[in-house]
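Here's a quick walk through one model, with an eye on its charged pairs, a hairpin, a helix face and a surface patch. Have the structure open as you read.

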Amino acid sequence: RSLPHELAHRWLAYVSFMDGTSKPLFNVYRHWNDFLDTNGSFMGIDWRDNGNGTYTSLDYVNRFSPLDQYLMGLIPPAEVPAFLLIENPSPNVWQPGITVSGTPKSVTLNQVIAAEGPRVPNSSSSQKNFRVAFILATQTGVEPDPSMIEAVDLARRRFMTQMVRLLGTKASFNSQLQTGLPDLVGERPT
């Protein structure tokens, strides 16, 4: 869960929407507003409308929402449905399973685009193939323990599997090392 979440900070969650004035959709931690129904985004919360003016937060879901995927440049605006923002929530605190009352506000991608401008480059020309690196740093002169190398490699393989599960063919992530590069073990970058 955490590696895709941290990678998502490259694109998310720093946008606002226009509602008379520009209003942020993010919180102080640069995640989605706690009361924005993000459909279970890594960066936010999934809310269930109880049909009686109350909303219940659901457990974390590991996915990239349509808004996330638009901001990542993976889907066009037409594929992003409106999303719910719970205004004036009571109580004004989030935790898993909490039920709050509040005023529902439908927010559209057009309102985000009005505040931020369209995504550049758009989904038809944005980068879709990414190279990622996993680095194990040790103190100068200290050889890494083989179990640490195995743990980093396991994290790398799990990350690659997660990204395929999460994004399918919308993007690719390559973590293979290129051959013929100098061995940097024990050297410090300058």
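## A salt bridge across the chain

First, the term: a salt bridge here is a side-chain nitrogen of Lys or Arg within 4 Å of a carboxyl oxygen of Asp or Glu. Keep in mind that this is a predicted model. By that cut-off, the side chains of aspartate 19 and lysine 105 make a salt bridge, at 3.3 Å from N to O. The two partners come from distant parts of the chain: aspartate 19 sits in strand 1 and lysine 105 in strand 6, 86 residues apart.

Buried or exposed: which is lysine 105? Lysine 105 has a relative accessible area of 18%, and buried means under 20%, so this lysine counts as buried. Aspartate 19, on the other hand, is partly exposed at 27%.

## Aspartate 19 has another partner

Which lysine also pairs with aspartate 19, with closest N and O atoms 3.2 Å apart? That's lysine 23, a partly exposed residue at 29% relative accessibility. Put the pairs together and you get a salt-bridge network that links Asp19, Lys23 and Lys105.

## The hairpin around it

Now for the local backbone. Strand 1 covers residues 16-19 and strand 2 covers residues 21-24, and the two pair in the antiparallel sense over 4 bridges. Lysine 23 turns up again here, as the bridge partner of phenylalanine 17.

What sits between the strands of this hairpin? There is just 1 residue in between, and glycine 20 of this hairpin takes a positive phi near 85 degrees.

## Helix 3 and its buried face

Helix 3 runs over residues 109-116, and its buried residues are Leu109, Gln111 and Val112. Looking down the helix axis, you'd see these buried residues fall within an arc of 155 degrees, so they line one face of helix 3. Over on the other side of the helix, Asn110 and Ala114 are exposed.

So what does the buried set pack against? The buried residues of helix 3 meet strand 1, helix 2 (66-71), strand 5 (83-90) and strand 6 (99-107). Strand 1 and strand 6 are also the elements that hold aspartate 19 and lysine 105. Just past the end of helix 3 comes glycine 117, with a positive phi of about 85 degrees.

## Helix 4: a charged pair and a patch

Over to helix 4, residues 146-167. Aspartate 153 and arginine 157 meet there through their side chains in a salt bridge, 3.0 Å from N to O. Why does the spacing suit them? They are 4 residues apart in helix 4, so about one helical turn separates them. As a general point, an α-helix has 3.6 residues a turn, so residues three or four places apart point the same way. Both partners are partly exposed, aspartate 153 at 29% relative accessibility and arginine 157 at 42%.

Methionine 148 also belongs to helix 4, and is partly exposed with a relative accessible area of 36%. This methionine joins Leu136 and Ile149 in a nonpolar surface patch, with about 230 Å² of accessible area together.

## The overall count

How many salt bridges does a search of the whole structure find? It finds 4, including the aspartate 153 and arginine 157 pair in helix 4.

Terms used. Residues numbered from 1 in each chain as written. Predicted model: local features only at pLDDT ≥ 70, side-chain atom pairs only at ≥ 80, totals over all residues. Heavy atoms only, no water. Pairing = 2+ DSSP bridges. Buried < 20%, exposed > 50% of the residue type's maximum accessible area, 1.4 Å probe, protein only. Arc of directions from axis to C-beta. Contact = heavy atoms within 4.5 Å. Patch = residues over 30% accessible without salt bridge, like charges linked within 9 Å, V, L, I, M, F, W, Y side chains within 5 Å. Areas by Shrake-Rupley, 256 points an atom, 1.4 Å probe, with all protein chains shown as cover.
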